[in-house]
Amino acid sequence: MSYNVKPVKFEEAFKRLKARKEIGSRMTSKQWASLPAAIRDRSFFASRVASARFLSSAKKMLEDFMLGTKEEVISPDGVKSIAFKIGGRADFVKKMQDFSIAEGMGDPLPEGVGRGDRGVIPETRDISSNRRLKLVYDTNIRSSYGYGNFEASVDPAITNVYPAWRFIRTGVVKEPRPLHKRFEGAVRRKDDTKFWLEMNKKEIGGLGVPHGPWGFNSQMDVQEVGRREAESLGLIKKNQKIRSPKSAFNKKLSVSEKRMDSGIFKILKKAMGAKMKLTAGKLLWAKK
């Protein structure tokens with residue numbers, strides 16, 4: 001017997017986005033990918049973007065979207081009305097493109113030519129391109145809600161009743177990841193961090209965290225599995241409680257100075273501040 005119950009913890013989702021530290025640097029996507037996933041998950045960044053103003057503005061717009069912040073607008077004929085500051089992804093992209101142009105981060109294009117159109121400006125480099133701004137929006141919104149769902153789902157009151165997840169597909173994709181296809185429908189305990197990290201490993205385009213989203217353009221998700229089914233599958237014994245997946249994940253968060261470019265190490269140390277401590281040449285996540 002399975003349960004399609006999915007806890008949603010908006011407060012945790014918003015707190016995760018708000019707590020992300022803006023890290024402006026010229027680091028490439030490859031350099032960012034080399035960092036521990038837990039560092040990337042706690043950072044607000046865009047590859048090759050050093051502008052603190054850009055990152056701060058983008059993050060504020062995403063926060064306004066999540067909060068449903070409204071503002072007074074005046075039409076050309078003087079009529080006042082109330083509207084959402086950020087209506088969605090398209091609105092975010094348009095406003096950040098305008099901001100980028102005003103900041104000199106993107107060149108004005110001929111009329112009718114879209115940002116990132118082939119043969120004009122390489123969209124992988126142009127931060128004002130549709131593709132890159134959509135990626136900034138999708139990555140942060142989806143990962144924030146993914147974390148919020150994770151936090152709600154691993155609450156002791158929930159795990160006692162629903163101690164496991166079923167790995168499910170919620171939509172159609174052209175080329176399913178072989179690993180996901182292999183384990184589609186698999187049921188594992190929530191504290192089987194090794195398995196859930198494997199489903200989201202960076203080698204297959206994953207984000208390296210033990211919760212959704214399960215990689216770029218992935219339609220995978222998890223389904224709550226009740227205690228009775230988990231017991232029948234031999235995953236858990238009667239009255240047994242599971243460990244906190246969050247604690248197991250945080251223990252792995254550290255960055256060695258010897259294995260990193262000194263410039264990148266200094267950027268992280270400065271940006272994370274009190275959230276991290278330097279011990280024996282390593283940046284360690286400070287426990288609360």
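Buried here means under 20% relative accessible area. With that cut-off, 44% of the 288 residues in the protein chain are buried. Keep in mind as you go round that this is a predicted model.

**Whole chain**

Start with a cartoon of everything. You should be looking at 12 helices and 10 strands. If you draw contacts for pairs with a separation of 6 or more, 62% of them link residues 24 or more positions apart.

**Stop one: helix α4**

Select residues 52-67. That is α4, a helix of 16 residues. Put a distance between its first and last C-alpha and you get 22 Å, close to the 22 Å expected at 1.5 Å a residue.

Now show side chains and colour the buried ones: F54, L55, S57, A58, K59, M61, L62, E63, D64 and M66. Note that K59, E63 and D64 are on that list along with the likes of F54 and L62. What lies over these residues? Switch on α1 (10-19), β1 (21-22), β2 (43-44), α5 (89-102) and α6 (130-153), which are among the elements that cover them.

Step off the end of the helix and click G68, the residue that follows α4. Phi of G68 is positive, near 70 degrees.

**Stop two: the β6-β5-β7 sheet**

Hide the helices for a moment and select the three strands of this open sheet. The order is β6-β5-β7, with antiparallel pairing. β6 (187-189) and β7 (220-225) are the edge strands; each has a single partner, so one side of each is left without a neighbour in the sheet. Look along the sheet and you can follow the twist, which averages 35 degrees from one strand to the next.

Zoom in on β5, residues 164-169, and on its pairing with β7, which is antiparallel and runs over 6 bridges. You can walk along it pair by pair:

- A164 has V225 of β7 as its bridge partner.
- W165 is bridged to E224 of β7.
- R169 sits opposite M220 of β7.

Turn to the other side of β5, where 3 bridges join it to β6, again antiparallel. Pick R166 here and you will find V187 of β6 opposite.

How much of β5 is buried? The count is 5 of its 6 residues. For β7 it is 6 of 6. In a regular strand the side chains alternate between the two faces of the sheet. Colour β7 that way: M220, V222 and E224 go on one side, D221, Q223 and V225 on the other, and all of them are buried, so that both faces of the strand are covered.

**Stop three: the largest pocket**

Bring the whole chain back and turn on a pocket surface. The largest pocket holds about 1200 Å³ of space. Its lining has 41 residues, and a good place to centre the view is on F45, L135, T139, L207 and F216, the ones that lie nearest the middle of the pocket. The elements giving two or more residues to this lining are α2 (29-33), α3 (37-41), β2 and α6. Which element gives the largest share? Select α6, which supplies 10 residues. You have already met α6 as part of the cover over the buried residues of α4.

**Stop four: backbone oddities**

Most residues other than glycine have a negative phi, and most peptide bonds are trans. Here are some spots to check against that.

Go to the loop between α9 (193-199) and β7, where you will find P213. The peptide bond joining G212 to P213 is cis, with omega about 0 degrees.

Next, click R48, in the loop between β2 and α4. Phi of R48 is positive, near 65 degrees, and this is not a glycine. Is R48 buried, exposed or partly exposed? With a relative accessible area of 31%, R48 is partly exposed.

Last pick: N239, in the loop between α10 (227-232) and α11 (245-250). N239 is another residue other than glycine with a positive phi, near 70 degrees. On a surface view N239 counts as exposed, at 66% relative accessibility.

Key
Residues are numbered from 1 along each chain as its sequence is written. This is a predicted model: local features need pLDDT of at least 70, side-chain atom pairs count only at pLDDT 80 or more; totals for chains, interfaces and linings use all residues. Side-chain values use heavy atoms; hydrogens and water are left out. Helices (H or I, at least four residues) and strands (E, at least two) are DSSP runs, numbered from the N terminus. The expected span of a helix is 1.5 Å times one less than its number of residues. Buried means under 20% relative accessible area, exposed over 50%, partly exposed in between (1.4 Å probe, protein chains only). Contact means heavy atoms within 4.5 Å. Two strands pair if DSSP finds at least two bridges between them. Axes are lines fitted to C-alpha atoms, for helices over the stretch in contact, and angles run from 0 to 180 degrees between N-to-C directions. On a 1 Å grid over the protein atoms alone, a cavity is a set of points where a 1.4 Å probe fits but cannot get out, and a pocket is an open set with protein on both sides within 12 Å along at least five of seven lines; lining residues have an atom within 4 Å of a point. Grid points are joined across faces, edges and corners, and a volume is the space filled by probe spheres set on the points.
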